Structure formats: C-alpha cells, structure tokens
Amino acid sequence: MNRNERTDHGPGDSAAPTANGTTAVPPTTATTGTVTGTGRRALLRAVVGGTAVVGAGLALGGGAVAAPARGRGLLTERPGSPAAALKELAEGNQRWRRMRQEHPHESEEIRQVLVSGQNPFAVVLGCIDSRVPPELVFDQGLGDLMTVRSAGEVLDSSVIGSVAYGVLELDIPLILVLGHQSCGAVAAAVEAEESGEELPGHLQYVVEQIFPSIDHSQHGDARVDATVTAHALNVRRQLAAEPDLAERIADGRLAVVAARYELADQRVHRIS
Ligand SMILES: [Zn+2]
C-alpha cells in the first residue's frame, strides 16, 4: 500500500462558503516515504472535481439536495470537511438516481495526475453486494473514494485497519457506513439465527457479527429490513468508538455516518 502524499486541508477548506471553492491547484510530485504529518500534508493535492463547498449540514439524501454539481473540472478543490464530503456524496447520488451521471475523473489526464498521489475525500464502508458499488451509486471516479467492502459491511481487524488508514494517513474527513436494501448477508444472518444451523467456513463468522443487530421486534422480510438499518448503525457506533477515530470526531475533523442504499429507487439516505 502506498503511503501517498496529500496537502493539508487548511482553514479555507472548511464547510464555510468560499468564493474560490473551485480554485485550481496544480499537482506537485510527491515524495513518497515521508511519514511526518507536515511532510504528508505539504505535498500533493491530486485534486479533481468538487464544486464550491457550502455549508450543507450533515444531511445526506434525506430530502432535496442542492442542484447537481456543475463544472467538475480537473485539478480543482475537493471536499475537506465532513459536511462538504457529505454534500458531494449526496449530489453524486442524486445524479445517479436521475441517470445524469458525470462519470468524473476517468480521463487520461487524471490517470496521470494520480500517479503521484491520492486525495480521496470519503471512506465508504459497504457490502460486497454487486448491486451497490460505491463509485457508481455516488457517481465518483478515480481518486475520489476509498472503498472498503465486506459482506454485510462486517467489521474485523483488517476492515477497521483499512478504514483507519484512510482517516489517519490520508486525513479523510468522512466515513460513510453503507447498508443496503435486501442485503443477502443480513438475510443469511437472520435465517441462521432462526434455524440455529451453522454456516460453512468463514460464513459463520460473518453472520455472527450481524447477530447482535437482529431486530426481534419484526418478522419475516421486515426483520431483515430492520436489521439492515440496525446493523449499519451498530457498525457506525463501533467505528466511532475506535480511540483514534473518536479523537478526530471530537474535534470536528471527522464524521462517521450510517446510511442505507435502496435498490428500488437508488436513493442513499442517512440513518444516523
Ligand atoms: Zn449486502
């Protein structure tokens, strides 16, 4: 795994409206291997996309969001705060839902810029389900998202370490835990718990991680659906309790948010 470089998000990158939220920043060749905070932050901002950052709270897809991003050009400012990152995701999901995807950041130029480093603005922890690829449902491209996926977005040390890498090493301001409608892993957990049958191999581990989230107040499909929500909230809670992450949450540098993707209408909506 490369320890890539990125520049710091200074005060001007906060959610406060800025007049030059799309100011172009030329790429700088990074010196890899530098691990000091200063060195890490002093170099490349392989920045692409993102529109002017305006205060948007932490709403995500729960209702109307701002008009779809426009003018997402090369080498422009990127979301540097939790609120700005959520806004970018909400706008991307709205483009996806409306079949107005921009497919950003796939060009030859971007591919070359990203050789020198990366500057993703969000970690998305989602399920392995083939119907919920984060880059597609948020209409993002190369270098935009750090995605971590496991069945039922179940946590283990490797998953937590991967999420923490993005936050601690790349200063990513947002972790989005993304559950989804009709999650097979959650359905398997509900079934396994009800039947008492053990699943083969490591599948048992996966469902056991979901067991504590099972909503016994519901039955049948409603139980699965309620557990999808409860499980995403539990995963969010566990991540937010990680000491390294909690410290950043406390001082506003990081938000950990739980959300659901609905297969039926392709909407991502916040549940925490
Ligand atoms: Zn799933």
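# Notebook: the zinc site and its sheet

I began with the record: an unreviewed UniProt entry lists Cys127, Asp129, His180 and Cys183 under "binding site", with positions given in the numbering used here, feature names shortened, and annotations that may be inferred rather than shown by experiment. I then checked their spread, and they span 57 residues in sequence, yet no two of their C-alpha atoms are more than 8.8 Å apart, so they gather at one spot.

I note the conditions of the work: this is a predicted model, in which local features need pLDDT of at least 70, side-chain atom pairs count only at pLDDT 80 or more, and totals for chains, interfaces and linings use all residues. Residues are numbered from 1 along each chain as its sequence is written, and side-chain values use heavy atoms, with hydrogens and water left out.

**Entry: the metal**

I looked up the donors of the zinc ion and found Cys127 (SG), His180 (NE2) and Cys183 (SG), at 2.0 to 2.3 Å; donors here are N, O and S atoms within 2.8 Å of the metal (3.2 Å for Na, K and Ca), and since water is not among the atoms, sites may look incomplete. The spacing of these donor residues in sequence is C-x52-H-x2-C. Cys127 and Cys183 link distant parts of the chain, 56 residues apart, with Cys127 in the loop between strand S1 (122-126) and helix H4 (134-137) and Cys183 in the loop between strand S3 (174-180) and helix H6 (184-195). Helices (H or I, at least four residues) and strands (E, at least two) are DSSP runs, numbered from the N terminus.

**Entry: surroundings of the listed residues**

Are Cys127 and Cys183 buried or exposed? Both are buried, where buried means under 20% relative accessible area, exposed over 50% and partly exposed in between (1.4 Å probe, protein chains only). For Cys127 I read a relative accessible area of 5%, and, leaving aside neighbours within four places in sequence, its contacts (heavy atoms within 4.5 Å) include Arg149, Glu153, Leu178, His180 and Cys183.

Asp129 is found in the loop between S1 and H4 and counts as buried at 13% relative accessibility. Beyond its neighbours within four places in sequence, Asp129 is in contact with Arg149, His180 and Ser182.

His180 lies in strand S3, and its relative accessibility of 1% puts it among the buried residues. With the same exclusion of neighbours within four places, I find His180 in contact with Cys127, Asp129, Arg131, Val132, Val228 and Tyr261.

**Entry: the sheet**

Which order do the strands take in the sheet? The 5 strands form an open sheet in the order S2-S1-S3-S4-S5, with mixed pairing; two strands pair if DSSP finds at least two bridges between them. Strand S2 (145-149) and strand S5 (268-270) stand at the edges, each with a single partner strand, so one side of each is left without a neighbour in the sheet. The twist averages 30 degrees from one strand to the next, with axes taken as lines fitted to C-alpha atoms, for helices over the stretch in contact, and angles running from 0 to 180 degrees between N-to-C directions.

I went through the pairs in turn: S1 and S2 are parallel over 5 bridges, with Val123 opposite Met146 in S2, while S3 and S4 are parallel over 7 bridges, and there Ile175 has Val256 in S4 as its bridge partner. S4 and S5 run antiparallel and are joined by 3 bridges, one of which I traced from Tyr261 to Val268 in S5. This pair forms a hairpin with 6 residues between the strands, and Gln266 in the turn has a positive phi of about 65 degrees.

**Entry: helices on the sheet, and strand S4**

I find helix H5 (residues 157-170) lying across S1, S2 and S3, at about 165 degrees to S2. Helix H8 (residues 220-240) packs on the sheet and touches S1, S3 and strand S4 (255-261), its direction making about 165 degrees with that of S4.

For S4 itself, 7 of the 7 residues are buried, so this strand is largely enclosed by the rest of the structure. Ala255, Val257, Ala259 and Tyr261 point one way from S4, and Val256, Ala258 and Arg260 the other way.

**Entry: the whole chain**

I closed with totals: the secondary structure comes to 9 helices and 5 strands, and buried residues make up 49% of the 272 residues.
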